[in-house]
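Here's a quick briefing to read alongside the model. Have the viewer open and click along as the topics come up.

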Amino acid sequence: PTEDAAAVTALRTAGAWVLGKTVTAELAYFFPGPTTNPWDISRTPGGSSMGSAAAVAAGLVPLAIGTQTNGSVIRPAAFCGVVGFKPTLGRLSMDGCLPFSPSNDQGGLFARNVDGVARGAAAWAGEPESQWVPTSDAARGAVPRVAAVRTSDWAELDQAARDATEGAVETLRRAGVSVEWIDCPTDIDALLPVHRTIMSREGANTLAPVRAAHDDRLSSTLRAYLDEGARVTDDAFEAARTARRHAIATIATWMRPYDAVVTPAAPGEAPTPETTGDPRCQTRWQSVGAPTLCLPCARGPHGLPLAIQIVGQLGADARLLRAAAWIEARLPHPGRPVLPARNP
């Protein structure tokens, strides 16, 4: 490349040392790269920003960046036991990043704590840290207004993921938060096929030049998805965009009474590495462009991290980060992976 991506330029301007490029899933889709999970090398770190989450979890770097088009920041953060943050759609420049689905692509960050992702986001945005970073007394400040949500696929999640979410809610209640379980609005709950229609159609269009030049180098997984996107009709695409607009209007009203909504970050522990895992826990919130943050909170039956996802109001990124800092100070942390000793 002849120039850096906007994210790299902004971070260097803020004083960061950029050590290198981490592994991603193939063209930011589901086909995994070679990276494994620092907690258990027989498991996936998630994807598509797999290398970034693994690098932070393994202690190689304190901050890493990624992108999310469906669940590519929050899911690997959950699987690797680190904090992942995806601001409101459009807050961070994607100039210089390979596009997949332009109306959904956005930047995100990984760090060991909320303070880390907030400082990274401020640097990437080129804005004062005061606009992003919770003050040092945020964890002692006003109790956030929090709700919790079980979506229609709650029963399809692993019991461990459901237990971790309910356990986090109870912990917050004991800390003085009046958490109520609320229903997910129907038009938001129904966004999974809507998001797939938009993402596949845009992906097929955006990656058409790549496919024309390198189709024999793409995985069958990616080719099948792009074929699916190419078959999406104009009418189906416009209907999906209309459904998404309605859901965006709904979330603006639905979220108004709350600083944050708690929901599972992933369907369970990290699965084996032939997959990057199921993004369903992120899809609805990604589709409407809401800011989301992953907080590790427990370990599953195999000793791997589990996490909650905190969803904020559109445009209220600083408010979500303040709530997350307050919640982070009260949740148990699953700890850090014990890395294998190096060969002599």
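A residue counts as buried under 20% relative accessible area and as exposed over 50%, with partly exposed in between. Ala142 has 71% relative accessibility, so it goes down as exposed. Keep in mind that this is a predicted model. With that said, here's the tour, starting with the pocket.

**The largest pocket**

- The largest pocket comes out at a volume of about 1300 Å³.
- Its lining takes in 48 residues, and those nearest the centre are Val8, Gly20, Lys21, Thr22 and Ile65.
- At least two lining residues each come from helix 1, helix 2, strand 1 and helix 4.

**Helix 4, one of the pocket's contributors**

- Helix 4 runs over 114-125, and its twelve residues reach 16 Å from first C-alpha to last, close to the 16 Å expected at 1.5 Å a residue.
- Nine of those twelve residues are buried, so the rest of the structure largely encloses helix 4.
- The buried set is Val114, Gly116, Val117, Ala118, Gly120, Ala121, Ala122, Ala123 and Trp124.
- What do the buried residues of helix 4 pack against? The partners are helix 1 (6-13), strand 1 (63-68), strand 2 (83-86), strand 3 (106-111), strand 7 (292-299) and helix 12 (317-328).
- Both ends have something to look at: at the start, a side-chain oxygen of Asn113 comes within 3.4 Å of the backbone nitrogen of Asp115, and just after the helix, Gly126 has a positive phi of about 70 degrees.

**Helix 2, another contributor**

- Helix 2 covers 50-57 and is mostly covered, with eight of its eight residues buried.
- Those buried residues are Met50, Gly51, Ser52, Ala53, Ala54, Ala55, Val56 and Ala57.
- The cover over helix 2 includes strand 1, helix 3 (74-80) and strand 3.
- Right after helix 2 comes Gly59, with a positive phi near 80 degrees.

**Helix 5**

- Helix 5 spans residues 159-174, which is 16 residues, and reaches 22 Å between its end C-alphas, close to the 22 Å expected at 1.5 Å a residue.
- Its buried residues are Ala160, Ala161, Arg162, Ala164, Thr165, Ala168, Val169, Thr171 and Leu172.
- Strand 4, strand 5 (180-183), strand 6 (260-264), strand 7, strand 8 (305-311) and helix 12 are included in what covers them.
- Gly176 follows helix 5, and its phi is positive, near 110 degrees.

**Backbone oddities between helix 1 and helix 2**

- The peptide bond from Gly47 to Ser48 is cis, with omega near 10 degrees, and Ser48 sits in the loop between helix 1 and helix 2.
- Leu27, in the loop between helix 1 and helix 2, isn't a glycine but still has a positive phi, near 50 degrees.
- Ala28 is another non-glycine residue with a positive phi, near 65 degrees, and its place is in the loop between helix 1 and helix 2.
- Buried or exposed? Neither, as it turns out: Leu27 is partly exposed, with a relative accessible area of 23%, and Ala28 is partly exposed, with a relative accessible area of 23%.

**Two loop residues worth a click**

- Ala142, the exposed residue from the start, belongs to the loop between helix 4 and strand 4 (146-150).
- Ala142 and Thr272 are 130 residues apart in sequence, and their C-alphas are 41 Å apart in space.
- Gln313 is in the loop between strand 8 and helix 12, and at 14% relative accessibility it counts as buried.
- The side chain of Gln313 reaches the backbone oxygen of Met255 at 3.1 Å.
- Leaving out residues up to four places away in sequence, Gln313 touches Thr88, Arg145, Met255, Arg256, Tyr258, Pro291 and Arg319.

**Cysteines**

- How many disulfides does the structure hold? It holds zero.
- Why is Cys80 not in a bond? Its closest cysteine sulfur, in Cys294, is 9.7 Å from its own, which is too far.
- Cys297 has Cys294 as the home of its closest cysteine sulfur, at 8.4 Å, and that is too far for a bond.
- Cys80 is buried at 1% relative accessibility, and Cys297 is buried at 7%.

How values were computed: Residues numbered from 1 in each chain as written. Heavy atoms only, no water. Disulfide = S-S within 2.5 Å. Buried < 20%, exposed > 50% of the residue type's maximum accessible area, 1.4 Å probe, protein only. Helix = DSSP H or I, 4+ residues; strand = E, 2+ residues; numbered from the N terminus. Expected span 1.5 Å × (residues − 1). Contact = heavy atoms within 4.5 Å. Polar contact = N/O pair within 3.5 Å; in protein donor to acceptor, adjacent residues only side chain to side chain. 1 Å grid on protein atoms, 1.4 Å probe; cavity = no way out; pocket = protein on both sides within 12 Å on 5 of 7 lines; lining within 4 Å. Points joined across faces, edges and corners; volume = space filled by probe spheres on them.
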